[in-house]
Structure formats: structure tokens, C-alpha cells
Amino acid sequence: MDAAPRLPVDRLLDDPGTRIIVCCGAGGVGKTTTAAALGVRAAERGRKVVVLTIDPARRLAQSMGIDSLDNTPRRVKGVDGADGGELHAMMLDMKRTFDEIVEGHADAERAEAILANPFYQSLSAGFAGTQEYMAMEKLGQLRAREDWDLIVVDTPPSRSALDFLDAPKRLGSFLDGKFIRVLMAPAKVGGRAGMKFLNVGMSLMTGTLSKLMGASLLKDVQTFVAAMDTMFGGFRTRADATFRLLQAPGTAFLVVAAPEPDALREAAYFVERLAAEKMPLAGLVLNRVHVSGADQLSAERALAAAENLEEGGIVDQESGNAGLRDSAAEADATDAGAGGGGTEADANAEANAKADANADADANADVDEITAGLLRLHAERMQVIAREQRTRDRFTSLHPEVAVAEVAALPGDVHDLAGLRAIGERLAAGVPAGA
């Protein structure tokens, strides 16, 4: 079948019109490493870049020469800025980002009350959708600062790729929704009148809520709602603004996947959703692709050769190398015995010749065993490559318009800038090294 178009990574990074790159996809496919590699490559090609990552492995922070990442962008040393590029990196702290929103949109007294509220502390630390919403809040903040001409975003690891698009709207709707408005009504009435209104008009509802949530939690929620009253409209407004920012020219989505059925199925869903939301898809990064520099030798031929070696022969000759070696050794021993007339020296020579022949045979048997093992490993690798190719072909047949960059699987984890550069080079090449 026709190959998918190649993703022009360097052209995307070099384009000054590209201001935001969003790396998205299922968890565990290398989004964070891909985002960091793109950041390094873009910076060394002259862009001022900040990478916003979500809970990266410690090794990735160390690979960028940073002991730890936090909610503040930090300059990455060791990046070649000869062309004027810079690289900064940060890790999203969703609670700190929520705190910054409160501190920036409420007076000091009200902000203090909100930050100390138990319901707010629970909401900001782990409410469903908070991480995704705060990632988009932080993206909006970084974009507004104009300190960088390229922002690379590593999206949160979600149960579903679609959570990244849905969660900010869901949380914004919750914080500005009917449930919050109902809870806010008694506080707006105020004082005894408020309590009277609560007892007369809402006693049934609040009684039910008290049973479900507990009286203490309900009180915390109502106190939180009263303190946040002036801020609620802003959550939905900012969520909508960020959604429009993601749809705008200058934003490019990269869907990252591994060549496995589940990951590519998730990638296909995301491609379709991005199209439905009219968000600009740059292409697919197919990560950890297996390759072989000896792909001319098929799995079937490798297995046949391994079986032949293990049976003591070679593919083209029934007696095999072992038989030839044994015949030669016996002939040498016979010649040595015939020429000496049966003396003790001749007997010793014959024994030594046989010992040498046996040692050679054992050594060659070990070589044959190792060779057979390597052939079987090669056959397994070729079978994996064939399976991945079939999986890629299914995705390509469904989405032939999606450009693809393939990145070969590395033998180990990335632990330094050199490793990130190597991934960047493979991304730019668009096909795995050795393919």
C-alpha cells in the first residue's frame, strides 16, 4: 500500500508562525520525551522555547541538566544557542496554578479565605479534570507573556485521549454551572433572610445533599462558593479562550503513539476528534518502532537456518560443517599413525590430534548454538516488525492524509541532552534509523 506522507518536523519547528505545539496521545507512549526532544531541537535551531511538561520522570529532568522541575520555567543549560535559541522547561503544579488564579483574581482577604477552605484544597489537589484545566490555564499564561516564541505542551496522561479536550470545559461548566449557582443562592440572600430562604425554599434539597456529602462538607462547599462568587464567570471564559487558542493558526497538534493496536486506536480517535473540533493536526509521531539492519533475511529463513544448525548440519549440506571437520581430523590422525610405524610417539601424536579435533568440534558446536540463538532472535525481531507494519497499515488506510514521523526504539532510556538530540534527529528524518 502507499506510504503515509512524511511529517516535516524541521519545517514545523522553523516556521515562526508555529507558536504552540501540543503533544497528545495515550499514556506511556513517550509524549514527554518527544516534547523535550522537540524543545531541544527547536532551541538549537534558533527558537526561544519553553516546554510545559506534566509530571515527567526524574530522569527526564536530569537529562536537561535540571535537578528538579516546578511551576516556574527554568533555563536549560547545555543547549547550543549559537543561533539565538533558548530552552526553558517547567513541570505543571496544578494546585499552585489554581492558587495563582485565586491570588490574581481576588483581593487578599478573600484569597486567603479561599485558599484555607477545605473544599477548595480538595478541589485544587485532585478534582476530576483539574489537571487538564490547569494545564490549559498555564498554557494561556505562558502565551500571554510573550517571553517565548514557541511553547511545547506535554498533555496530561489521561484514561482517554479525549479527556484532554473535554476536561477543561467540564470543570469550567461545573464551576459556573447550575449546581454552584444553587449553592450560592443562600449566601447571596445573606444573614437571617438567607437562612430563612434556605429553610423554606431549599430544605428538601439541602437535606438530601447533607446526607450525600455530610453537613460539614456542604458547609465548606457553600463557604467556598460564597468566597468564589466574583470569580466563577472567569473559569468558563478562560476555558473558552484557551479552546479557541488551540483552534487558532499557529497551534499544531502532534499525536504521539506506539506501533501497538491500543495506542494507535487511541490515536485514531484523537485524529478524528481534532478534525471534528477543527483543531490543526500536524501529524502522527510513531514512537519506539522496531527496525533491523538485516531485514533481507526473513523470519522464516532465519528459523529454518537455526533448526538446521541445532540438528548438527547446515542448510545446503547434509553432513554439515561438523561432518567435514570430523573427517579432516580423522584423516590427519590416520596419516600421523601410518607414517610413524606405531611407535609411542606416534600414539601420542594420534591422541593429541584426536583431542584437538574434539576441542575444535566442541568450540564449533558452541558457535553453532550461539548462531542458532541469534537467528531465532532475529526471527522474533522480524515478526515484531511485520506485526507493527500491519498495525501501521491499518491506521494509514483509515487516515491516509495524516503525515507520519517514525522514531526507532532506543536500547535504553534517554538520560542526557545527547539522547534528546538523537530523538530529535530521528524525528526530523521521519523514518527510523536503519529502516
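Q: Which residues of β1 sit on one side and which on the other, and are they buried or exposed?
A: In this predicted model, I20, V22 and C24 lie on one side of β1 and I21 and C23 on the other, and all of them are buried, where buried means under 20% relative accessible area, exposed over 50% and partly exposed in between, with a 1.4 Å probe and protein chains only. The strand covers residues 20-24, strands being DSSP runs of E with at least two residues and helices runs of H or I with at least four, both numbered from the N terminus.

Q: Why two sides at all?
A: In a regular strand the side chains alternate between the two faces of the sheet.

Q: Which strands does β1 pair with, and how do they run?
A: Four bridges join β1 to β5 (residues 150-154), running parallel, and five bridges join β1 to β6 (residues 251-257), again parallel; two strands count as paired if DSSP finds at least two bridges between them. V22 has V153 as its bridge partner in β5, while C24 stands opposite V255 in β6.

Q: What's the full strand order?
A: The open sheet has eight strands in the order β3-β4-β2-β5-β1-β6-β7-β8, with mixed pairing. Because β3 (74-75) and β8 (404-408) each have a single partner strand, one side of each is left without a neighbour in the sheet. The pairing of β3 with β4 (residues 86-91) is antiparallel over two bridges, and R74 stands opposite A89 in β4.

Q: Switching topic, how many salt bridges are there?
A: The structure holds 18, a salt bridge being a side-chain nitrogen of Lys or Arg within 4 Å of a carboxyl oxygen of Asp or Glu. One of them links R45 and D14, whose closest N and O atoms are 2.7 Å apart. R45 lies in the loop between α2 (31-43) and β2 and D14 in α1 (residues 9-14), so the pair ties together parts that are 31 residues apart in sequence.

Q: Are R45 and D14 buried or exposed?
A: R45 is partly exposed at 36% relative accessibility, and D14 is partly exposed at 34%.

Q: What should I keep in mind about numbering and cut-offs?
A: Residues are numbered from 1 along each chain as its sequence is written, and side-chain values use heavy atoms, with hydrogens and water left out. Because the model is predicted, local features need pLDDT of at least 70 and side-chain atom pairs count only at pLDDT 80 or more, whereas totals for chains, interfaces and linings use all residues.
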